[in-house]
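This report covers domains, empty spaces, one helix pair and two backbone details. Please keep the model open while reading.

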Amino acid sequence: MEITEINQYHLRYEMSDPFRPAWKPGFEQTEHEVLLFELETDAGISGVTTASGFAGRMDYLELAEMFLVGEDPREVERLVEKMDPLNLWGPRPWHFEVALWDIKGKEAGKPIYELLGGSSDPIPAYASTGERQGVEDRLDYVRDRVNEGFEAVKLRCHGEDPTPDLEVAREVRSEFPDLTLMMDANMGWSVPMVDVEPWSFREALSVARELEDIGNVAWLEEPLDRRNYEGLSRLRERTDVPIAGGEFNNGVHQFREFIKQGSLDVLQPDAVLATGISGGKKVAAMADTNGLEFAPHTWNDGLGFVANLHMLAATDASWCEYPIDPPGWTPEARDFLLANPIVAEDGEVAPPDGPGLGVDLDWDRIESLDIS
Ligand SMILES: [Mg+2]
């Protein structure tokens, strides 16, 4: 089998309500922009993958064709290695691996997780917020999620002054004493043109101490830069709150460095953004042999979310991140290019069990949203 052609679609979806991401203060997102790639083969099977967010605005079709056209898509390991230099020239190569697995799974008639030795069991999910909100709005949100069956919620505290976010966490804790909480500082990376002063070590430590006091906090995520291995390690030594990170680290080697320097309790690679699916499996094995937790990042468009679901189903992951923050970030807005959005049930998410990625794309909608 040979990859013969790559089609690229630049999709722009109008959201029904604006979303105000914590990681981009002051910005109101009204469009969900995604770059969709379809890899065609001479066997009549095609595989799909997406790049979302920041990468969604770049055009690198020619580069992708240079690395992939003429190759056998089933040779995933070799092609991942071949794409390493892609990493030097611009976009990260990880998401292309997803399309290779999609083809391999479709040819075999099996879902990706099954090819990787995983199971179809539903994975416990936490509701992942994306906005910083005030106490009342956030309490309403948590009540809704708890009614839906979620037993864990991740809050955000991205900002130079985390006081209001810690206040939200305290109020949520007081109304829901048994709810597992996570806190994401989003200090690991920054968005172009957005000026937020990263926390100092002392500020990060003081947030961690507050979270110790709030109690039953599963982790504090990205309190420092994603490559500040030593700082994270010192922080981890001085607090009882587990430290998590890795969503935008680049490749398995950076996770080896986290482990070597004792930086993290919870490793959070993302199949699309950080390591690919095979790399994520390696990180899961590293977590396991080092007594660490594995809880991948999944905040993506619907296809990226599904790619991570397959990785989750094929590893011993503790939690599935379920991104949801209505009215802006809903399953419909997140998964707009899927025929049916992925919906959590009773606080769990099952991996799609069709061949490959196992989901149908809404091609009519895709054609109508394509602006390329
Ligand atoms: Mg995060």
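How many cavities of 30 Å³ or more does a search of the whole structure find? The search finds one. Note that the model is predicted.

**The cavity**

The largest cavity has a volume of about 50 Å³. Its lining is made of Glu-131, Arg-132, Gln-133, Arg-138, Leu-155, Arg-156, Asp-165 and Val-168. By class, this lining splits into two nonpolar, one polar and five charged residues. Strand E5 (152-156) supplies at least two lining residues, and so does helix H7 (163-175).

**Domains and the pocket between them**

The protein is divided into domain 1 (3-109 + 361-369) and domain 2 (115-349). Their C-alpha centres lie 23 Å apart. Domain 1 brings 38 residues to the contact, and domain 2 brings 42 residues.

Where does the second largest pocket lie? It lies between domain 1 and domain 2, because both give residues to its lining. The volume of this pocket is about 350 Å³. Its lining counts 18 residues. Nearest the pocket centre are Val-80, Trp-94, Val-252, His-253 and Lys-282. Four helices each give two or more residues to the lining: H2 (76-82), H4 (94-108), H10 (252-260) and H11 (271-289). The lining residues fall into six nonpolar, seven polar and five charged.

The table sets out the residue classes of the two linings and of the helix contact described below.

| Site | Nonpolar | Polar | Charged |
|---|---|---|---|
| Lining of the largest cavity | two residues | one residue | five residues |
| Lining of the second largest pocket | six residues | seven residues | five residues |
| Contact of H8 with H9 | four residues | one residue | four residues |

**Helices H8 and H9**

Two packed helices are described by the angle between their axes and the distance between the axes. Helix H8 (residues 201-214) packs against helix H9 (residues 229-238) at an angle of about 35 degrees. The axes of H8 and H9 are 10 Å apart. Is their crossing left-handed or right-handed? The crossing is right-handed.

Which residues of H8 and H9 meet? From H8 come Phe-201, Ala-204, Leu-205, Arg-209 and Glu-212. From H9 come Gly-231, Arg-234, Leu-235 and Arg-238. Four of these contact residues are nonpolar, one is polar and four are charged.

**Two backbone details**

Asn-216 lies in the loop between H8 and strand E7 (217-221). Its phi is positive, about 50 degrees, although Asn-216 is not a glycine.

The other detail concerns a peptide bond. Pro-326 and Pro-327 are joined by a cis peptide bond, with omega about 5 degrees. Pro-327 is found in the loop between strand E11 (320-323) and helix H13 (331-334).

Methods:
Residues numbered from 1 in each chain as written. Predicted model: local features only at pLDDT ≥ 70, side-chain atom pairs only at ≥ 80, totals over all residues. Heavy atoms only, no water. Axes fitted to C-alpha atoms, helices over the stretch in contact; angles between N-to-C directions. Left-handed = near helix turned anticlockwise from the far one by under 90°. Contact = heavy atoms within 4.5 Å. Nonpolar A, V, L, I, M, F, W, Y, C, P; charged D, E, K, R; others polar. 1 Å grid on protein atoms, 1.4 Å probe; cavity = no way out; pocket = protein on both sides within 12 Å on 5 of 7 lines; lining within 4 Å. Points joined across faces, edges and corners; volume = space filled by probe spheres on them. Domains from an automatic or database assignment.
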